[in-house]
Amino acid sequence: VAREWMAKKSAGWTPYYLRQVENFLSGDVFPYVGKLPIRSVTAAHLLEIIRRIEGRGAETVALLVRQWSSAIFRYAVATLRADSDPAAALKGAIHRPKVEHRKPLSREQIAEFATALDEYGGYRTTVIALRLMLLTFVRTVELRKAEWSEFDLDRAEWRIPAERMKMREPHIVPLSRQAVELLRELHTHTGGREVLFPNYRNPKECMTATTLNRALERMGFNGKDSIGFSAHGFRATASTILNEMGYRPDVIERQLAHAERNKVRASYNQAEYMEDRRTMMQEWADMVENMMKPKEGGEQCQD
């Protein structure tokens, strides 16, 4: 029944999410109740399964397994193979992990970040990736998996297809002059590849999820005894400062590709805010560039 439910639902899932569902159900659920008639599976069975998952420190997985189990039982009820959903009784039985909000950089820390980036001894492509994260504030996965075919540098546009977006809608990123300069430089390094940031060990794959955070760790921004800043935090950084600067929240949210619940309004916003977004992205890049410049005046000579 679970496999039938997955087959019905998978068309609307990303390959990653499908793999996640298959792996956790196969590893954590099927070995314990997979061979039982579905009407024989009780809340006690499921509680034992999610407690076992929770016991290894994977509270988020335990929550997902309960949700998926509930959906499977509801599907079984709808297809007349079960009478009730025993997983429903377990709602609230799992300790929900505390959400760690991504810390933004302050204006002063952006200047420190620029200095650390200039002194970073790693690959130039990693430096460019981090600068682009700050300038475009896209999600990390959207940058890591970016392909050259998505870019029109003459028009200064990056069009991310729907299948690579969290909200499954295409997204346009207006590119600032500074972002275009970085992309033209990057093209001399990786322009012959399909992706902008190939994996150095396996060039057919893209940069791994840990590459940027490892670089931030080496720069002193992530990891133990640091400010706890991760690559995803560039989004919070831009959002915080742009809101402080008085940009319209709708424009900022649209550029962050956050969900618009009203589909008609979402379509309208996509077109209506484009010029505002172009202006905002260039002004943001100019401001970041100014923050990154060394302060003039430094130490002064004494008579």
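Is Glu-48 buried, partly exposed or exposed? Partly exposed is the verdict, with a relative accessible area of 49% for Glu-48. Bear in mind throughout that this is a predicted model.

**View 1. Arg-52 and Glu-48 pair up along helix α3.** Both residues belong to helix α3, and four residues separate them, about one turn of the helix. Their side chains make a salt bridge, with the closest N and O atoms 3.0 Å apart. Arg-52 has 34% relative accessibility, so it counts as partly exposed. Glu-48 falls in the partly exposed class too, because its 49% stays below the cut-off of over 50% for exposed.

**View 2. Asp-28 sits buried in helix α2.** Helix α2 covers residues 15-33, and Asp-28 is part of it. The relative accessible area of Asp-28 is 11%, so the residue is classed as buried, the limit being under 20%. Who keeps it company? Once neighbours within four places in sequence are set aside, Asp-28 is in contact with Ile-49, Ile-53, Arg-56 and Val-61.

**View 3. Helices α1 and α2 pack against each other.** Here α1 (residues 2-9) meets α2 at an angle of about 170°, and the two axes are 12 Å apart. Roughly antiparallel is therefore the right description of α1 relative to α2, since the angle is over 145 degrees. On the α1 side the contact is made by Ala-2, Arg-3, Trp-5 and Met-6, and on the α2 side by Val-21, Glu-22, Leu-25, Ser-26 and Phe-30. Sort these residues by type and you get six nonpolar, one polar and two charged.

**View 4. A salt bridge connects two loops: Arg-39 with Asp-83.** The closest N and O atoms of this pair are 3.1 Å apart. Distant parts of the chain are linked here, as the partners are 44 residues apart. Arg-39 comes from the loop between α2 and α3 (43-55), while Asp-83 comes from the loop between α4 (59-78) and α5 (107-119). With 64% relative accessibility, Asp-83 is counted as exposed. For the wider picture, the count of salt bridges in the model comes to 18.

**View 5. Strand β2 pairs with β1 and with β3.** Start with β1 (residues 151-152) and β2 (residues 157-160), which run antiparallel and are joined by two bridges. Together β1 and β2 make a hairpin, with four residues between them. In the turn, look for Ala-156, which has a positive phi of about 55°. Next comes β3 (residues 171-174), paired with β2 over four bridges, again in the antiparallel sense. Trp-158 is a handy landmark: Phe-151 stands opposite this residue of β2, and Trp-158 also stands opposite Val-173 in β3.

**View 6. Arg-155 and Glu-157 meet in a salt bridge.** The N to O distance for this pair is 3.8 Å. Which of the two is buried and which is exposed? Arg-155 counts as exposed, at 52% relative accessibility, whereas Glu-157 counts as buried, at 4%. The pair has further company, too: salt bridges that share partners join Arg-155, Glu-157, Arg-159, Glu-275 and Arg-278 into one network.

Conventions
Residues numbered from 1 in each chain as written. Predicted model: local features only at pLDDT ≥ 70, side-chain atom pairs only at ≥ 80, totals over all residues. Heavy atoms only, no water. Buried < 20%, exposed > 50% of the residue type's maximum accessible area, 1.4 Å probe, protein only. Contact = heavy atoms within 4.5 Å. Pairing = 2+ DSSP bridges. Axes fitted to C-alpha atoms, helices over the stretch in contact; angles between N-to-C directions. Parallel < 35°, antiparallel > 145°, perpendicular 65-115°, else oblique. Nonpolar A, V, L, I, M, F, W, Y, C, P; charged D, E, K, R; others polar. Salt bridge = Lys/Arg side-chain N within 4 Å of Asp/Glu carboxyl O.
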